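Me: I'm new to this one, and I'd like to know where the labels come from. Can we go through them one by one?

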Amino acid sequence: MKNLTCLALALLLVASPLVSAQPVNGKAPTGPIETRLEQRKVTVGADGKEALVPAEAVKPGDVIEYTATYRNTGKQPVRSLEATLPIPPNTEFVVGSIRPAGAKASTDGAAFANLPLKRRVTRDGKQVEEEVPTREYRALRWFPGELGADKSVSYTARVKVNDDRAPSTPGSKGGAK
């Protein structure tokens with residue numbers, strides 16, 4: 001269990017430099033963008049209220065909230081901004097945790113689509129569409145388009161640290177309540 005806690009914490013720390021402003025239609029965002037990724041563990045007190053605490057150690061079942069903040073430090077608006085938030089391995093996206101709404105998701109960090117992600121599979125010789133399990137999501141992306149001079153915008157999502165002994169089901173909600 002101690003190794004899993006260390007591994008999960010290392011994965012959270014490795015994710016930090018992956019927050020980025022991505023190009024739109026092959027065009028890089030113009031202007032100086034400063035990015036910051038914060039991660040906090042979600043706890044629930046005896047009174048039932050949630051609190052965010054430092055994610056110094058995590059274990060299977062813990063929920064981590066990520067907030068990616070993008071700041072335009074320049075004097076001109078930044079155009080063609082795409083805000084990307086990675087979802088670390090051994091974690092599962094928590095459905096309904098995206099703020100603001102409107103993010104797209106990806107299983108490979110390259111191709112993004114509307115939530116919930118779906119794929120075509122063959123079952124009993126027939127092509128059917130099924131939801132992709134949320135534990136397969138690897139990134140979220142928002143498309144604000146333009147970020148004004150000296151303005152910032154933040155995006156938030158939660159993940160649950162997986163217990164690899166538990167199977168995932170399509171469209172699972174990550175066990176968050």
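Me: What makes residues 171–177 a stretch to treat with care?
Reply: Their pLDDT, the predictor's confidence in each residue on a scale from 0 to 100, stays under 50 all along residues 171–177. The model still has 13 contacts beyond four places in sequence for that stretch, a contact being heavy atoms within 4.5 Å. Keep in mind that this is a predicted model, where local features need pLDDT of at least 70 and side-chain atom pairs count only at pLDDT 80 or more, while totals for chains, interfaces and linings use all residues. Residues are numbered from 1 along each chain as its sequence is written, and side-chain values use heavy atoms, with hydrogens and water left out.

Me: Where else does pLDDT stay under 50?
Reply: Over residues 1–20, for which the model has 39 contacts beyond four places in sequence. Helix α1 (residues 2–15) has the lowest mean pLDDT among the elements, 38, while strand β7 (residues 104–106) has the highest, 97. Helices (H or I, at least four residues) and strands (E, at least two) are DSSP runs, numbered from the N terminus. For the protein, the average pLDDT is 81, and 75% of the residues score at least 70.

Me: Why are tyrosine 70 and tyrosine 155 called an edge-to-face pair?
Reply: Rings of Phe, Tyr and Trp (its six-membered ring) pair if their centres lie within 6.5 Å; planes under 30 degrees apart count as stacked, over 60 as edge-to-face and the rest as tilted. Here the centres are 6.2 Å apart and the planes make 65°, so the pair earns the edge-to-face label. Tyrosine 70 sits in strand β4 (residues 63–72) and tyrosine 155 in strand β11 (residues 152–161), 85 residues apart. Tyr70 and Tyr155 also form one aromatic cluster with Trp142.

Me: How do you know whether tyrosine 70 is buried or exposed?
Reply: By its relative accessible area: buried means under 20%, exposed over 50%, partly exposed in between (1.4 Å probe, protein chains only). Tyrosine 70 comes out at 0%, so it counts as buried. Tyrosine 155, at 3%, counts as buried too.

Me: What makes arginine 141 buried?
Reply: Its relative accessible area is 9%, so it falls under the 20% limit. Arginine 141 is in strand β10 (residues 139–147), and its side chain makes a polar contact with the side chain of glutamate 82 at 3.1 Å. That fits the distance part of the rule: a pair of N or O atoms within 3.5 Å (within protein, one must be able to donate a hydrogen and the other to accept it, and residues adjacent in sequence count only if both atoms are side-chain atoms).

Me: Why is the link between arginine 71 and aspartate 150 called a salt bridge?
Reply: A salt bridge needs a side-chain nitrogen of Lys or Arg within 4 Å of a carboxyl oxygen of Asp or Glu. The closest N and O atoms of arginine 71 and aspartate 150 are 2.9 Å apart, so they qualify. Arginine 71 is in strand β4 and aspartate 150 in the loop between β10 and β11, 79 residues apart. At 31%, arginine 71 is partly exposed; at 52%, aspartate 150 is exposed.

Me: How many salt bridges are there?
Reply: The structure holds 14. One of them joins lysine 59 and aspartate 62 at 3.3 Å, with lysine 59 partly exposed at 42% and aspartate 62 buried at 10%.
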